[in-house]
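Visitor: Good morning. I am new to this structure and would like to be guided through it.
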Amino acid sequence: MEPVTHFMTGAVLSRAGFNRKAAYSTLAMALAAEMPDIDYIYRLGGPLSWFQYHRGWTHSFWSLPLQAAVLVGLISLLHRWRVSRGKTTVAPVRWGWLFALSWIALLSHLLLDYTNNYGIRPFAPWNPRWYDASIVFIAEPLLWLLLAGALALPFIFGLVASEVGAHRTKFRGRGLAITALVLIVLLWLVRGFEHGKAMRLAEANEISGEPVLRVAADPYPINPFKWQVIVETPKYFRLGVVDNLREEMVSDPSNDVIHKPPTTLATLAAKRSWLGEVYLDWSRWPVVTEQSRDAAAAAPGDDETQVIFDDLRFKYSPEFLGGRMKTPLRGMVTVNADHKVVEMEIDGSPQTSK
């Protein structure tokens, strides 16, 4: 998920009652809920370095106690600074509780990332397998609404109470926070059920006679009944959009059928490149194709081939966010006539060196 959802989830978890356990719990849980994304620091090594390590060790179970300890250590420095200035806290300072609450918020990050179709590797490096539920889009407005409501409404109610002279409690919003978290779990359950239904409908709509090897369903935001589906047969991939309410699948054979491309010397060279190895390690639905380099971009005498790496999970229908014309997380490797790699780029950003 994107950072806003993570931060708000940590804050709402604290509001659910944990903020009564220890001082700084809301600060710790909000920061911990986003802390695994510190792997963005790998962008300093270039876009491919980030792609290789994103959702890597910082999203693995073994690293969570370490991250919680680092966060609590930083908050202890903040606490000492505040004490030196004569500041006090509403709740007692309990470092053991703060460590445990940070751990819970860190787990929430992994859980949220698991619900979308990018996935996580929670057992890396011992088990490099990616796991994903693929039931929630990476940016889900329904989650924003529930989480923001749980955080904002107690503040609004507090302002109203102060206007009428009502007693103001120290810890407000526990009921709303718990309600929001329960509704999020219910949303996941509904989406999980509809996800399975979408895959069954997609498989049932494959009428070509080819055996179905596997099926995937990827979520759209807001609407839990609409899914982008992929059906794989021995010869091709078929893309489509499933509407669970109507129990129908829309798929245009002229645009939505992707025949499996042949393996060539250029694609073999590209697959053995740094980008190729990283991409194929990450992708669960890869399609690797080659195309001649644009003559306008090539220098005279060049005989280069561009090899394109796509993941079908992100080839949404054309009317959604640019659809397949703006496929995210696309990799490209340029090889010369000797099948040596001369350029690499990921998601439109070139990688200068390893």
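Guide: Certainly. The protein has 354 residues, and 47% of them count as buried. Please keep in mind that this is a predicted model.

Visitor: How many helices and strands are there in the protein?
Guide: The protein contains 10 helices and 10 strands.

Visitor: And what does the C-alpha trace span along its principal axes?
Guide: The C-alpha trace spans about 75 × 50 × 40 Å along those axes.

Visitor: How much area does the protein expose, and what share do carbon and sulfur atoms supply?
Guide: About 17800 Å² is exposed, and 62% of that area comes from carbon and sulfur atoms.

Visitor: What about contacts between residues at least 6 apart in sequence: what percentage join residues at least 24 apart?
Guide: Of those contacts, 62% join residues at least 24 apart.

Visitor: Let us turn to the helices. How is a pair of packed helices described?
Guide: One gives the angle between the two axes and the distance between them. For helix α1 (residues 3-15) and helix α2 (residues 25-32), the axes come within 7 Å and cross at roughly 150°.

Visitor: Is the crossing of α1 and α2 left-handed or right-handed?
Guide: The crossing of α1 and α2 is right-handed.

Visitor: Which residues meet there?
Guide: From α1, the residues are F7, G10, A11, L13 and S14; they meet S25, T26, M29, A30 and L31 of α2. By type, the residues of this contact comprise six nonpolar and four polar, with no charged ones.

Visitor: Now the strands, please. Is strand β2 mostly covered or uncovered?
Guide: Strand β2, residues 226-232, is mostly covered, with six of its seven residues buried.

Visitor: How many bridges join β1 to β2?
Guide: Strand β1 (residues 214-219) is joined to β2 by six bridges, and the two strands run antiparallel. As one point along this pairing, R214 stands opposite E232 in β2.

Visitor: What lies between β1 and β2?
Guide: The two strands form a hairpin, with six residues between them. In that turn, I222 has a positive phi of about 70°.

Visitor: And how does β2 pair with β3, parallel or antiparallel?
Guide: Strand β3 (residues 236-243) pairs with β2 in the antiparallel sense, over seven bridges. These two strands also form a hairpin, with three residues between them.

Visitor: Which residue in β3 is the bridge partner of I230?
Guide: The bridge partner of I230 is L239 in β3. Strand β2 thus has both neighbours described here: β1 through six bridges and β3 through seven.

Methods:
Residues are numbered from 1 along each chain as its sequence is written. This is a predicted model: local features need pLDDT of at least 70, side-chain atom pairs count only at pLDDT 80 or more; totals for chains, interfaces and linings use all residues. Side-chain values use heavy atoms; hydrogens and water are left out. Axes are lines fitted to C-alpha atoms, for helices over the stretch in contact, and angles run from 0 to 180 degrees between N-to-C directions. Helices (H or I, at least four residues) and strands (E, at least two) are DSSP runs, numbered from the N terminus. A crossing is left-handed if the near helix is turned anticlockwise from the far one by less than a right angle, and right-handed if clockwise. Contact means heavy atoms within 4.5 Å. Ala, Val, Leu, Ile, Met, Phe, Trp, Tyr, Cys and Pro count as nonpolar, Asp, Glu, Lys and Arg as charged, and the others, Gly among them, as polar. Buried means under 20% relative accessible area, exposed over 50%, partly exposed in between (1.4 Å probe, protein chains only). Accessible areas come from the Shrake-Rupley method with a 1.4 Å probe; for residues, only the protein chains shown count as cover. Two strands pair if DSSP finds at least two bridges between them.
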